[in-house]
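Hi everyone, thanks for coming. I'd like to walk you through one helix and then one interface, so let's put the structure up.

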Amino acid sequence: MELFKIKKDIPFMRHALVLNAISFITFALAVFFLFSRGLHLSVEFTGGTLMEVSYSQPADLQKVRGTVATLGYGEVFVQNFGSARDVMIRLPTQKGVNSAQQSEKVLSALKANDPDVTLRRAEFVGPQVGDELVEDGLMALAFVVGGIMLYLAIRFEWKFAVSAIIANLHDVVIILGFFAFFQWEFSLAVLAAVLAVLGYSVNESVVIFDRIRENFRRYRKMNTVEIIDNAITSTISRTIITHGSTQIMVLSMLLFGGETLYYFALALTIGICFGIYSSVFVGAAVAMWLGISREDMVKPIKKDNDPSDENSGAVV
Amino acid sequence: MNRYPVWKYVVIVIALLLGAVYTLPNFFGEAPAVQVSSGKATIKVDTSTLQKVEDALNANSINTRGLVLDGGSVRVRLESTDEQLKAKDAIQKALIPDASDPQFVVALNLVSRSPGWLTALYASPMYLGLDLRGGVHFMLQVDMQAALNQRVEALTGELRSVMREKDIRHGGISRNGQNIEIRVRDAQQQEAAKRLITDQFPDLQTREVTDGAELRLGVNIKPESARKVQEQALKQNITTLHNRINELGVAEPVIQQQGLDRIVVQLPGVQDTAKAKDILGRTATLEVRMVDESTEARAAEQPGGMVPFGTERYLERDGRALIVKKQVVLTGDNLTDAQPGFDSQTQEPVVNLTLDGKGARIFKDVTRDNVGKRMAIILFEKGKGEVVTAPVIRAEIGGGRVQISGRMTTVEANDTALLLRAGSLAAPMEIIEERTIGPSLGAENIAKGFNSVTWGFLVIGAFMVIYYAMFGLFSGIALGVNLLLLVAILSTLQATLTLPGMAAMALALGMAIDSNVLINERVREELRNGASPQAAIHAGYDRAWATIFDSNITTLIAGVALLAFGSGPVRGFAVVHTIGILTSMFSAVFFSRGLVNLWYGGQKKLKSVSIGTVWRPEAGTAVKAD
């Protein structure tokens with residue numbers, strides 16, 4: 001079977017300007033939503049109490065909300081979780097009250113209304129933990145960005161390092177933008193997914209950059225745009241198949257992984273879709289705008305076309 | 001061209017065998033069991049305990065599936081949960097004659113059903129996180145300021161008595177937070193006090209303070225000593241938590257230090273969070289202080305009375321007030337054991353305490369100087385103190401064996417002993433994070449994680465076979481090997497598998513196929529450009545390697561960052577993610593090439609390879625190399 005019967009190089013870069021304008025707008029929108037709406041952070045970050053209770057019959061959310069509200073919490077968050085019988089309750093941290101007993105208090109109040117209710121999960125996180133998590137998350141992000149840039153700058157060229165990071169941060173910010181816009185819950189698992197996307201999406205850029213470098217060395221007559229178009233065209237089948245298979249896995253998580261993995265898988269899905277787009281149109285285009293040229297690639301002139309030279313990069 | 005030397009196949013076969021052996025225990029599931037472990041530091045679980053357990057089971061004719069003595073505990077494997085409960089009762093009756101003073105902890109547990117030869121090879125199933133098996137998780141924050149204050153208070157007391165011994169006069173010693181201030185009359189005294197501290201108190205440092213005409217000596221604890229105090233406080237709290245959790249009878253508790261001032265406690269299988277919290281949350285510290293029996297103090301015992309300087313007011317258990325000196329004689333650190341008993345002469349209930357060497361010395365000095373006076377044992381819980389008992393000192397007590405008696409019932413003596421024995425905390429703690437996961441949710445999570453891995457794997461495998469034919473099959477097998485090795489390594493490392501970890505497993509498989517796609521596409525491209533099959537295979541593997549290496553390294557960087565900075569679920573994800581990248585490099589490149597070489601490598605005149613359609617554009621339109 002062969003899905004990709006491409007005769008000529010696809011002129012990806014011809015549309016780069018328009019598409020980059022679109023991605024800039026998407027990016028700006030994502031940033032705008034991040035600032036205007038903010039992320040709906042999970043209890044792990046904000047501190048507070050999270051409870052998951054399960055009823056034997058479909059739960060009456062209004063009644064649950066009422067019961068919890070009578071306990072005197074400011075902002076209570078009650079919603080269905082997975083099925084109609086499972087309810088998730090979020091309570092803010094309460095000063096002065098022994099937070100460890102919060103969940104028991106709520107549960108006994110709910111039990112008074114309906115003795116059938118059972119506690120499936122309760123989490124309590126103190127506010128200091130949340131602050132630390134935000135700090136650690138940002139540290140991890142900085143470490144990933146720095147590490148990848150350094151590696152790419154050493155193995156390739158600083159222009160590639162810069163464009164790869166722009167392309168991948170673009171993905172990350174857009175994922176965050178989605179979470180801000182739809183107010184999906186941003187939990188630690190989602191953070192893990194976002195950081196995994198960063199590593200994953202770089203793969204994509206690396207494969208294309210590898211081929212661009214290769215092409216610069218092989219096709220001396222082509223100009224930069226042609227070289228980039230050829231590099232993307234000849235790797236597009238691999239790009240689609242790889243992302244497709246990863247997406248199959250993620251889809252399987254989305255379908256079978258249950259509520260707990262839902263947002264994790266969703267973040268990965270967005271990351272994968274934008275990962276393809278960004279390495280083709282953002283990464284390669286930024287590298288083009290930065291003015292990569294043959295001179296950048298053939299700097300260490302030892303053996304120009306030696307396939308056993310590990311610095312010559314791979315052919316895909 | 002495409003042949004592996006024998007040693008490479010040997011490596012592959014060994015890897016597969018090891019992978020299979022260490023993955024195997026995961027398939028046997030778990031059997032109900034009863035675990036017997038020591039309830040006291042002085043009691044060791046050994047072969048005689050094993051014998052006793054066996055006798056108890058035989059006497060009640062309970063069939064077991066095996067008894068093992070493993071480290072500090074005996075585990076009895078049983079057929080069913082009914083048998084498990086019966087066995088627990090029987091063992092409990094035989095080993096613990098006096099329920100108020102349990103020598104052993106008998107707990108319900110689950111053990112792997114895997115056969116003995118696997119266990120002998122140290123092959124055990126993956127360790128499941130709480131989100132997969134159910135239980136409670138706590139994170140506790142230790143109040144280090146309080147630990148330091150306590151230490152400084154004790155040092156202040158020592159300083160006072162040493163200065164009295166050496167006859168160095170001073171105008172008063174007071175503690176202000178972690179600073180001690182000694183008022184002195186002249187420079188000579190200041191010098192003498194300073195020398196004394198340098199000689200006898202290696203933990204303290206001094207600085208001279210002149211406040212107007214008044215001379216003072218500022219004393220505070222050295223930073224390195226402060227660090228040591230904090231480390232010890234944390235260590236003692238962990239030990240105390242161990243003792244307390246033992247009382248709960250939890251099978252495999254996890255009690256770990258996290259960072260400089262935190263402790264993580266995980267109690268798998270525990271559902272009664274209220275009781276767990278109650279026992280953990282008894283953030284008790286124990287102190288022995290002298291009762292102030294001056295007339296002012298007596299007056300202050302009455303409601304509304306002024307508490308004299310240097311004393312504090314605490315309530316006794318029956319609600320009466322007691323004025324106690326601020327100076328701490330002993331803390332719970334110096335207590336090694338507490339047992340209820342009866343006085344041999346009066347036959348009244350008593351509590352027998354055993355002190356460590358330092359405690360015994362201090363106690364001897366204090367009791368000698370204070371015969372006829374009262375001494376209070378105060379238990380601090382959540383910052384509030386309560387006098388457990390305040391006996392009168394009848395005589396000097398040496399040797400570190402102390403008897404507390406007076407106005408106690410047998411039950412009270414038992415309770416006091418238990419509280420004292422459970423150990424006190426070196427510093428108060430607070431629960432800052434708590435998670436409870438019901439067992440049904442855990443089982444559901446396992447099923448969901450397992451389903452997503454299985455379905456994803458099957459669909460990808462099917463696609464690869466359809467798209468790349470024989471090479472797709474090789475890729476699929478390589479993917480399976482990847483999963484096998486991943487599970488084997490996780491089982492061997494006994495890394496905790498969580499739900500995000502299962503997600504990472506699925507993601508690792510999705511990403512691992514990338515390497516094979518790169519290789520297969522490259523082989524096709526070589527064929528398209530007219531290379532011979534053998535050359536195409538060779539070039540495909542060789543040239544894809546650099547790309548695979550680069551892309552995996554960048555992913556690895558992300559994985560390592562997550563491991564370094566992540567906590568909880570993020571770390572669970574990162575462990576599997578990182579190991580998955582490493583195993584995929586082995587399976588997708590090294591192993592799959594081994595398969596290909598085995599299949600095609602021997603054929604000298606290979607005419608075609610089965611790698612699906614190799615589509616060739618019309619001559620002239622294909623990109624040509626110059």
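How far apart should the ends of helix H7 of chain B be, given its 14 residues at 1.5 Å a residue? Keep in mind that this is a predicted model. Helix H7 of chain B runs over residues 187–200, so it should span 20 Å, and its end C-alpha atoms are indeed 20 Å apart.

Now let's look around that helix. Gln189(B), Gln190(B), Ala193(B), Leu196(B) and Ile197(B) are the buried residues in H7(B). They cover an arc of only 125° around the axis, which means that they sit on the same side of H7(B). As a reminder, an α-helix has 3.6 residues a turn, so residues three or four places apart point the same way. Turn to the other side of H7(B), and you find Gln188(B), Arg195(B), Thr198(B) and Asp199(B) exposed. And what covers the buried residues? Among the elements doing so are helix H6 and strands S8, S9 and S10 of chain B.

On to the interface. Chain B brings 78 residues to the contact and chain A brings 77. Between them the two chains bury about 6,800 Å², with 64% of it on carbon and sulfur atoms.

For those of you who like polar interactions, there are five salt bridges across the interface of chain B and chain A. Arg211(A) and Glu525(B) meet through their side chains in a salt bridge, at 3.2 Å from N to O. The interface also has 14 residue pairs in polar contact. Several elements of chain B give two or more residues to the side touching chain A, including strand S6, helix H9 and helix H13. The largest share comes from H13(B), with 17 residues.

Terms used: Residues numbered from 1 in each chain as written. Chains lettered and ligands numbered in written order. Predicted model: local features only at pLDDT ≥ 70, side-chain atom pairs only at ≥ 80, totals over all residues. Heavy atoms only, no water. Helix = DSSP H or I, 4+ residues; strand = E, 2+ residues; numbered from the N terminus. Expected span 1.5 Å × (residues − 1). Buried < 20%, exposed > 50% of the residue type's maximum accessible area, 1.4 Å probe, protein only. Arc of directions from axis to C-beta. Contact = heavy atoms within 4.5 Å. Buried area = accessible area lost by both parts, 1.4 Å probe. Salt bridge = Lys/Arg side-chain N within 4 Å of Asp/Glu carboxyl O. Polar contact = N/O pair within 3.5 Å; in protein donor to acceptor, adjacent residues only side chain to side chain.
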